[in-house]
Amino acid sequence: MNEAGRLKFTFLVFFGGFLAVILRLGWWQIYQKEPLLAQAENQRWEEKNIPAKRGEIFFADQHPLALSLPFYNLFAFKPELKVDFHTLGEKISALLETDTQKREKLENLMVEKLNRAPLWIPLYEKIEPDQKKAIDQLGINGLHFEEKFSRFYPEASQAAHLLGFVGKNEEGKDQGYFGLEGFYEEKLKGKEGKVIQENDALGRPIILGNNYEVPPKNGADLILFLDRQLQWIVEQKLEEGVLKYGAKEGLVIITNPKEGSVLAMAAFPDFDPNEYSQTDPLLFLNPAISATFEPGSIFKPLIMAIALENQVVTPETICPCEGPLEIGEYRISTWNNQYYPQSTMTEIIQHSDNVGMAFVAQKVGLEKILSGLEKFGFGKITGIDLQGEVSPALREAKYWSPIDLATLGFGQGIAVTPLQMVQAMGAIANNGKMVSPRVVASIVDEKGKQEAIPKKEQSVISSHTSQEITKMMVNAVDNGEAKWAKIEGAKIAGKTGTAQIPISGHYDPQKTVASFIGFAPADNPEFLMLVTLNEPTTSPWAAETAAPLWFEIAREIFTVKGINPK
């Protein structure tokens, strides 16, 4: 190729390259304009979330049950570091680890990260506030902290079933589960803030740039009705009682029946919400609201109240009961095979007479009993402010047989939750007015504004019926099968219950739920308490297990709270 040819070829190469550049620039300017502008904006502007502090939970006396504690994640911005990486790693690891081997390992890991990463390097997570302060005092440029919060339960397992816990959701964010944490999730979690900052080419914030910040809105605090002294007593005594009576599990609920306020609530076995990930998930369910059982004889005062309210019987009405009651192919006997002919309604409650209560149920009739039970709140949730509440449905009248009606009179063949029993018995204790149970007394927002949770109540039975049933329950405590365990001089209205557990279509006589429910002082109650023991092995009878545990806790309450039980 001659000189002219080479020049022509060279021109064509340069012209082709120039044309390619022009076309490429045109492609970027015309067809890729919007995506490139968006990419440039993303590089220039950075959006970060500012975590909101989760609201805290307190006993009635302001002692904390759940706290949100700050912690910090440590980052290094490499272009700003003016210190040797080994020196940096040595100084920081010395503040974070006391063990020599762990300190050396951490130092080497930090140096490795600093040598490998180009700009922002995460060095350490979950640094305590005092550790952050010590690192700040080193005065090393290029170190930055990201503030976050962690949930901490200072009382460990205390009130665990009532609290629930904070875990991670599918997005990896904190979320409340079960109990108060789950029910009040929206109020507790608050709202994250945002900061939008202008960065330079290296990704560093421009101090005088156009930065925008939306501050976070911290979550609200919860002040409970929960009494710290009572909760401690209940948890201690319940654990002792479960072990003493060889029970599978146990439960105690204490409320103020006039206010519906939950003063104590405990189940055993329990769990530590700080260590929820190491817990059997079945323990997360609060048996007070999530478990059902056949109440047995603690149900009898409610059936009797419906009978009195409908004026079907009076406390002096005589039962024409002489022995076992035959209904079709079924035979109803008393719990101890002892019979008390010509018993009054008061004596039927005193002797916990199944035959007598079957007579009462038949006399009232299914329609009126179901109507009365609906008024007492059965068949629907109580509406307590805890996540996880269930409610067994009441069967329609067409699905009840004559034997079902008879056994309903003594609390078999119907499923309820423990809290439903407490709410219903509260109507008897509160002069006929039933108050919906509640755990939270007030909600306090981040500005300190306090919102009280209103009381909800409704009339269920007349004041007269309430007083008559109360007298019958006082007589049952003073003269019934658990009288050996009663507190001398105390006027307590109560009732034992021993319900056989249905297994594979029949009742197991050795597997029972033993319970005692009562309120005191009977004429002006300051507390109502339910104690249940599931499958006690020392004795299946409530009079020998749940009742003495109830009275043992009540003695402590009278002393600690200075209540005159008479």
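Is F284 buried or exposed? In this predicted model, F284 is buried, with a relative accessible area of 8%. This phenylalanine makes a handy starting point for a tour of the ring contacts, after which the passage turns to the disulfide, the pockets and the cavities.

Across the whole structure, a search finds 14 aromatic pairs. One of them joins F178 and F284, whose ring centres lie 5.7 Å apart. The planes of these two rings meet at 45 degrees, so the F178–F284 pair is tilted. The two partners come from distant parts of the chain, 106 residues apart. F178 belongs to the loop between strand 7 and helix 7 (179–183), while F284 belongs to the loop between strand 12 (261–268) and helix 10 (287–290). With a relative accessible area of 24%, F178 counts as partly exposed, whereas F284, at 8%, is buried because the cut-off for that class is under 20%. Readers who follow the rings outward from this pair will meet a cluster, in which ring pairs link F165, Y177, F178, F271, Y276 and F284.

A further aromatic pair brings together F527 and F558. Their ring centres are 5.8 Å apart and their planes stand at 55 degrees, so this pair is tilted. Here too the contact links distant parts of the chain, with F527 in strand 21 (residues 527–534) and F558 in helix 18 (residues 546–561), 31 residues apart. Both F527 and F558 are buried.

Aromatic rings also meet charged side chains in this model. The charged end of R395 is placed over the ring of W400, at 3.8 Å from its centre. K132 lies over the face of Y72, and here the distance from the ring centre is 5.3 Å.

For anyone curious about cysteines, the search of the whole structure gives one disulfide. The bond is formed by C319 and C321, with 1.7 Å between their sulfur atoms. C319 has a relative accessibility of 1% and so counts as buried. C321 is buried as well, its relative accessible area being 12%.

Attention now shifts to the open spaces. The largest pocket holds about 1300 Å³ of space. It is lined by 38 residues, and those closest to its centre are F149, S150, K168, K173 and D174. At least two lining residues each come from strand 3 (64–77), strand 4 (120–127), strand 5 (143–152), strand 6 (165–168), strand 7 (174–177) and helix 8 (185–189). Strand 5 gives the most to this lining, with seven residues. By class, the lining of the largest pocket has 16 charged, 12 nonpolar and 10 polar residues.

The second largest pocket has a volume of about 560 Å³. Its lining is made up of 27 residues, of which N354, F410, Q412, T498 and Q500 are the closest to its centre. Two or more lining residues are given by each of strand 14 (330–332), helix 15 (402–408), strand 19 and strand 20 (506–520). Strand 19 gives the most, with four residues. The lining of the second largest pocket divides into 13 polar, 11 nonpolar and three charged residues.

What remains is the enclosed space. The count comes to four cavities of 30 Å³ or more. The largest cavity has a volume of about 90 Å³. Among the residues that line it are I349, Q350, A476, V477, K495, T496, F516 and F551. Helix 12 (345–351), helix 17 (463–479) and strand 19 (493–503) each supply at least two residues of this lining. Strand 19 appears again as the element that gives the most, here with three residues. The lining of the largest cavity comprises six nonpolar, four polar and two charged residues.

About 70 Å³ of space lies in the second largest cavity. Its lining includes T255, N256, P257, V422, Q423, V435 and P437. Strand 11 (249–256) and helix 16 (418–429) each provide at least two of the lining residues, and helix 16 gives the most, with four residues. Five nonpolar and five polar residues make up the lining of the second largest cavity, with no charged residues.

Note on methods:
Residues numbered from 1 in each chain as written. Predicted model: local features only at pLDDT ≥ 70, side-chain atom pairs only at ≥ 80, totals over all residues. Heavy atoms only, no water. 1 Å grid on protein atoms, 1.4 Å probe; cavity = no way out; pocket = protein on both sides within 12 Å on 5 of 7 lines; lining within 4 Å. Points joined across faces, edges and corners; volume = space filled by probe spheres on them. Nonpolar A, V, L, I, M, F, W, Y, C, P; charged D, E, K, R; others polar. Disulfide = S-S within 2.5 Å. Buried < 20%, exposed > 50% of the residue type's maximum accessible area, 1.4 Å probe, protein only. Phe/Tyr/Trp six-rings, centres within 6.5 Å; stacked < 30°, edge-to-face > 60°. Lys NZ or Arg CZ within 6 Å of the ring centre and 35° of its normal.
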